[in-house]
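Me: Got a model here that I'd like to talk through before I do anything with it. Can you take my questions one by one?

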Amino acid sequence: MSLSQQQLDDLLERLVALTDVPDPVAQRDRLARLSLCLIEALDDGPRAQAILDQTLADHPDAPALTLP
């Protein structure tokens, strides 16, 4: 299913609203939960891993976080 530009914009707005919190721990937890839900929705572990690896490669200076 291909999304329209408006649908992509709406999703991005909702993502920003979800993660626009002053507490970095809450922000991390929300992103982690969202990421896990999206990975489950994809139902394709290797594809999810490849996307994550590419995203991390695009930001080599990003610190790695260990989730509690």
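Me: How are α1 and α2 oriented to each other: parallel, antiparallel, perpendicular or oblique?

Reply: Keep in mind that this is a predicted model. The axes of α1 and α2 come within 9 Å and cross at roughly 140 degrees. Angles over 145 would count as roughly antiparallel and 65 to 115 as roughly perpendicular. The crossing falls in neither range, so α1 and α2 are oblique.

Me: Which residues of α2 make the contact with α1?

Reply: On the α1 side, the contact uses Leu15, Ala17, Leu18 and Thr19. By class, the contact has 5 nonpolar, 2 polar and 1 charged residues. The α2 partners are Gln27, Arg30, Leu31 and Leu34.

Me: What's the order of elements from the N terminus on?

Reply: The chain has 3 helices and 0 strands. Its C-alpha atoms fill a box of roughly 35 × 30 × 25 Å along the principal axes. Read from the N terminus, the order is α-α-α.

Me: Which element gives the largest share of the lining of the largest pocket?

Reply: That pocket has a volume of about 1,400 Å³. The elements giving two or more residues to its lining are α1 (5-19), α2 (24-42) and α3 (45-58). With 12 residues, the largest share comes from α2.

Me: And how many nonpolar residues are in that lining?

Reply: The pocket is lined by 31 residues, and Leu31, Leu34, Ser35, Leu38 and Leu52 lie nearest its centre. Leu31 and Leu34 also turn up in the contact between α1 and α2. Split by class, the lining has 2 charged, 5 polar and 24 nonpolar residues.

Me: Which element has the lowest mean pLDDT?

Reply: For the chain, the mean pLDDT is 85, and 91% of residues reach 70 or more. Among the elements, α1 has the highest mean, 90. The lowest, 86, belongs to α3.

Notes: Residues numbered from 1 in each chain as written. Predicted model: local features only at pLDDT ≥ 70, side-chain atom pairs only at ≥ 80, totals over all residues. Heavy atoms only, no water. 1 Å grid on protein atoms, 1.4 Å probe; cavity = no way out; pocket = protein on both sides within 12 Å on 5 of 7 lines; lining within 4 Å. Points joined across faces, edges and corners; volume = space filled by probe spheres on them. Helix = DSSP H or I, 4+ residues; strand = E, 2+ residues; numbered from the N terminus. Nonpolar A, V, L, I, M, F, W, Y, C, P; charged D, E, K, R; others polar. pLDDT = per-residue confidence, 0-100. Axes fitted to C-alpha atoms, helices over the stretch in contact; angles between N-to-C directions. Parallel < 35°, antiparallel > 145°, perpendicular 65-115°, else oblique. Contact = heavy atoms within 4.5 Å.
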